[in-house]
Amino acid sequence: MSIIEIKNVTKTFDEKKSNIHALSDISLSVEEGEIFGVIGLSGAGKSTLVRCMNLLEKPTAGEVWVDGKNLITLSSKDLRLMRREIGMIFQHFNLLMQRNVLDNVCFPMEIAGVKKREARERAMNYLRIVGLEEKAKAYPVQLSGGQKQRVAIARTLASNPRIILCDEATSALDPQTTGTILSLLKKINQEYGITIVVITHEMRVVEEICDRVAVLDKGTLAEIGKVREVFDHPKSNAAKSLLLERKIEQLGVNTADGI
Ligand SMILES: Nc1ncnc2c1ncn2[C@@H]1O[C@H](COP(=O)(O)OP(=O)(O)OP(=O)(O)O)[C@@H](O)[C@H]1O
Ligand SMILES: [Mg+2]
């Protein structure tokens with residue numbers, strides 16, 4: 001069953017000199033329980049697309065259906081409730097710097113009116129899931145990038161989402177830390193059945209965790225399919241050139257290893 005359906009979505013930003021067509025007539029569905037990747041060059045429209053999925057960005061035209069509801073027609077109250085089901089994590093973590101780790105994770109529960117004691121118990125459980133119990137009292141400045149992202153994931157889990165949208169969640173991390181965050185996302189997907197949408201410019205991320213992938217090219221949907229099919233038999237020029245870059249990158253790494 002599709003949990004997200006994007007139907008003929010267009011997003012145009014009106015700028016003084018000219019209009020920017022960030023998305024042109026995009027249609028795609030994300031199935032419940034899958035890890036869905038969106039890949040493309042910088043400026044292809046990836047962030048705009050993911051922001052349309054929770055209506056942080058309102059499409060100029062088209063429809064956004066989540067869990068059988070058309071977000072565009074929801075009242076602001078219903079939209080707020082719906083958004084609780086959609087967590088989001090970002091490249092730069094977006095933690096509250098003046099709060100410790102535990103209080104960061106408690107934050108969404110505070111907003112939802114969960115009692116303090118219960119919130120703290122649940123937060124400790126989420127920290128256990130991401131493997132950071134011992135950092136509960138630490139402040140964000142005292143953490144590494146990978147640890148900060150794990151706190152952000154725990155905080156997202158605290159709102160009990162059915163969907164997590166990740167916008168370049170591993171782009172600020174080194175390859176090894178990227179690997180641990182990807183494994184954690186996979187674990188959350190498998191153990192809790194949370195649908196995950198991963199926006200990235202790194203082919204490696206898609207290769208490691210995604211079931212299906214959409215390739216964006218200058219605001220259009222160039223290609224969509226199972227990761228293995230798209231990677232082994234790319235049809236669009238956009239996918240072919242991204243794969244070529246990936247091959248060159250791998251060759252570079254292998255050459256460096258060989259020296
Ligand atoms: N708020 C905005 N106002 C005007 N133009 C915007 C806005 N947000 C995005 N754009 C433009 O829309 C296009 C798509 O941007 P978007 O951020 O979605 O790309 P992206 O694929 O996420 O790129 P990156 O990989 O660099 O993050 C770009 O041309 C961008 O300049
Ligand atoms: Mg982006």
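At what angle do helix 3 and helix 5 pack, and how far apart are their axes? Keep that pair in mind while you set up the view.

**Set-up**

This is a predicted model, in which local features need pLDDT of at least 70, side-chain atom pairs count only at pLDDT 80 or more, and totals for chains, interfaces and linings use all residues. Residues are numbered from 1 along each chain as its sequence is written, while chains are lettered from A and ligands numbered from 1 in the order in which they are written.

**Whole chain**

Show the C-alpha trace. Along its principal axes it spans about 60 × 55 × 40 Å. The radius of gyration is 19 Å, which agrees with the value near 18 Å for a compact globule of 259 residues. That radius is taken over C-alpha atoms, and the globule rule is 2.2 Å times the number of residues to the power 0.38.

Switch to cartoon. The protein has nine helices and 10 strands. Both are DSSP runs numbered from the N terminus: helices are H or I with at least four residues, strands are E with at least two.

Colour by burial. Buried residues make up 38% of the 259 residues. A residue is buried if 20 or more other C-beta atoms lie within 10 Å of its own, exposed if 12 or fewer, and partly exposed in between; C-beta atoms are placed from the backbone.

Then turn to contacts, meaning residue pairs whose C-beta atoms, placed from the backbone, lie within 7 Å. Among contacts between residues at least 6 apart in sequence, 64% join residues at least 24 apart.

**Helix 3**

Select residues 101-111, which form helix 3. Its buried residues are Val 101, Leu 102, Asn 104, Val 105, Cys 106, Pro 108 and Met 109. These buried residues pack against helix 4 and helix 5. Step past the end of the helix. Gly 113 follows helix 3, with a positive phi near 80°.

**Helix 3 on helix 5**

Add residues 145-157, helix 5. Here is the opening pair. Helix 3 and helix 5 pack at about 30°, with their axes 7 Å apart. Axes are lines fitted to C-alpha atoms, for helices over the stretch in contact, and angles run from 0 to 180 degrees between N-to-C directions. Helix 3 is therefore roughly parallel to helix 5. Angles under 35 degrees count as roughly parallel, over 145 as roughly antiparallel, 65 to 115 as roughly perpendicular and the rest as oblique.

The crossing is right-handed. The near helix is then turned clockwise from the far one by less than a right angle; anticlockwise would be left-handed.

Show side chains. From helix 3, Val 101, Asn 104, Val 105, Phe 107 and Pro 108 meet Val 151, Ala 154 and Arg 155 of helix 5. By class, this contact has six nonpolar residues, one polar and one charged. Ala, Val, Leu, Ile, Met, Phe, Trp, Tyr, Cys and Pro count as nonpolar, Asp, Glu, Lys and Arg as charged, and the others, Gly among them, as polar.

**Helix 3 on helix 4**

Swap in residues 116-129, helix 4. Helix 3 packs on helix 4 at an angle of about 120°, with the axes 9 Å apart. Helix 3 is therefore oblique to helix 4. This crossing is right-handed. Val 101, Leu 102, Val 105, Cys 106, Met 109 and Glu 110 in helix 3 meet Ala 119, Arg 120, Arg 122, Ala 123, Tyr 126 and Leu 127 in helix 4. The contact has nine nonpolar, no polar and three charged residues.

**Helix 5 on helix 6**

Select residues 175-192, helix 6, with helix 5. Their axes come within 10 Å and cross at roughly 15°. The two helices are therefore roughly parallel. Their crossing is right-handed. Gly 145, Gly 146, Gln 149, Arg 150 and Ile 153 in helix 5 meet Thr 177, Thr 180, Ile 181 and Leu 184 in helix 6. This contact has three nonpolar, five polar and one charged residues.

Stay on helix 6 for Lys 186. Lys 186 is partly exposed, with 15 C-beta neighbours inside 10 Å. Draw a C-alpha distance from Lys 186 to Phe 107: 24 Å in space, 79 residues in sequence.

**Two asparagines**

Most residues other than glycine have a negative phi. Which value does Asn 8 take? Its phi is positive, near 50°. Asn 8 sits in strand 1, residues 2-14. It is exposed, with 12 other C-beta atoms within 10 Å.

Finish at Asn 160, in the loop between helix 5 and strand 7 (163-167). Phi of Asn 160 is also positive, near 55°. Asn 160 is partly exposed, with 15 other C-beta atoms within 10 Å.

Conventions:
Contact = placed C-beta atoms within 7 Å.
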